[in-house]
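Here are a few short exercises to work through with the model open beside you. Try each task before reading its solution.

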Amino acid sequence: MNFTSVGFFLAIVGLTLVVTYIAAKRTSSASDFYTAGGGLKGWQNGFAIAGDYLSAAAFLGVSGAIALTGFDGFFFSVGYVVANLVLLYLIAEPMRNLGKYTLADMLTARFNEKRVRGVAAGGTIVIVILYMIAQLVGAGALIKLLFGIDYWIAVMIVGVMMTTYVLFGGMTATSWVQIIKAFLLLFGTALLAGMVFAKFGYSLTNMFNTIAEEHGEQFLIPGIKYSSPIDSVSMMMALVLGTSGLPHILMRFFTVKDAKTARSSISWTTWITTIFFSLTIFLGFGALQFVGIDAIMAENKAGNTAAPLLAHYLGGDVLMSFISAVAFATILAVVSGLVLTGAAAISHDIYGEIIKDGKLTITQQVSAARAGSIGIAVLSIFLALFAQNLNVSFLVSFAFCIGASGNLPVILYTIYWKKF
């Protein structure tokens, strides 16, 4: 076992536990638990949304996808960035004005019907579980790489930790863990990208020419994974439109005081994600050139460990340990937000509003939310045990498809179509 890796991991975990302890003291009401009391500032919520967005699928999955499939993998980066514009111009302000805690709250502001709330809550739970499976798969691959422990044990460790953050700290703890993680991830990604760029003589032309000469020009054009234009267009539509239908992203608009701040949040998120995803091309092509497809697939067939392997090549055990610890923090933060979103759907929408008709005390609301958190976590951990060999970006695309086709049309019609 690498003691450097253990040290970095313990430092990250210790920091997040301190944040959770402080947040737990400030979490007493349902509003505190679900939305941090609506007290986050624009830049804070922007970094927190970016933290939700920059998940295992973004860091591990996209890097691996670019390394294995070239430009087809970079489609993910483009789609994720453009998606923010839909949120910024169409969703952010109306969502904040109409909603309270969940997506279902926003819809039932216009359609006060239990069946509408039930379907919205059910869709939220499905999306959350699909997204969580992807994060847990990434965590399992990462910890297995570093510590040599079995995949299922790694998944269990992450599952227990993410549930701890939510049970005690609620949205306040989750938000600040996301903010810290976003800073660390931007720094780690920029460091890796800079080192790769230096290897190519700080020349984009040199990098692309090297990739084309040594691995084939097919890595610079679409076609390795998505041989049909319809496949490419379909995937891009899911990414661009799906983000605006993801409940754990939409829930973030309720953590600020007003619609103006919600819009400011997305502005911050857009800049952060643009910088991050622009750097993934260096991570992907760097892993392809310096680690190699065979070595990447030997460690993980889906390419989920390409970024840590690249870090090991560039900086040895120390850099790999740091990058892996940051990736681990990324996963912990994202799954905590997902657990909270799923718990809100179960406790607030299904139990509180449908079963109890909204007649719950503050203590009952928080207790129900914590029970829902445990239920969502257990189910996601169980399903993740059977998804070890799937690329995490591919898994997340299922959630985006449901968000794009199921949630977004209803959201847009509710906001903009008077006769809906």
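The exercises below concern a predicted model and cover a helix, a cavity and some aromatic rings.

**Exercise 1. Check the length of helix 12 against its expected span, then decide how enclosed the helix is.**

Start with the residues: helix 12 runs over residues 259-290, which makes 32 residues. At 1.5 Å a residue, the helix should span 46 Å. Its end C-alpha atoms are 47 Å apart, which agrees. Next, turn to burial: 23 of the 32 residues are buried, so helix 12 is largely enclosed by the rest of the structure. Finally, look just past the helix, where Gly-292 follows with a positive phi near 95°.

**Exercise 2. Find which helix gives the most to the lining of the largest cavity.**

The structure holds 3 cavities of 30 Å³ or more, and the largest has a volume of about 50 Å³. Its lining includes Tyr-101, Pro-247, Met-251 and Asp-349. Helix 6 (103-108) and helix 14 (306-355) are the elements that give two or more residues to this lining. Helix 14 gives the most, with 3 residues. Sorted by class, the lining has 6 nonpolar, 3 polar and 1 charged residues.

**Exercise 3. Classify the ring pairs Phe-290 with Tyr-313 and Phe-382 with Phe-386.**

For Phe-290 and Tyr-313, the centres are 5.2 Å apart with 5° between the planes, and the pair is stacked. This pair joins helix 12 to helix 14. For Phe-382 and Phe-386, the centres are 5.3 Å apart and the planes lie at 70°, so the pair is edge-to-face. As for accessibility, Phe-382 is partly exposed at 48%, while Phe-386 is exposed at 65%.

Terms used: Residues are numbered from 1 along each chain as its sequence is written. This is a predicted model: local features need pLDDT of at least 70, side-chain atom pairs count only at pLDDT 80 or more; totals for chains, interfaces and linings use all residues. Side-chain values use heavy atoms; hydrogens and water are left out. Helices (H or I, at least four residues) and strands (E, at least two) are DSSP runs, numbered from the N terminus. The expected span of a helix is 1.5 Å times one less than its number of residues. Buried means under 20% relative accessible area, exposed over 50%, partly exposed in between (1.4 Å probe, protein chains only). On a 1 Å grid over the protein atoms alone, a cavity is a set of points where a 1.4 Å probe fits but cannot get out, and a pocket is an open set with protein on both sides within 12 Å along at least five of seven lines; lining residues have an atom within 4 Å of a point. Grid points are joined across faces, edges and corners, and a volume is the space filled by probe spheres set on the points. Ala, Val, Leu, Ile, Met, Phe, Trp, Tyr, Cys and Pro count as nonpolar, Asp, Glu, Lys and Arg as charged, and the others, Gly among them, as polar. Rings of Phe, Tyr and Trp (its six-membered ring) pair if their centres lie within 6.5 Å; planes under 30 degrees apart count as stacked, over 60 as edge-to-face and the rest as tilted.
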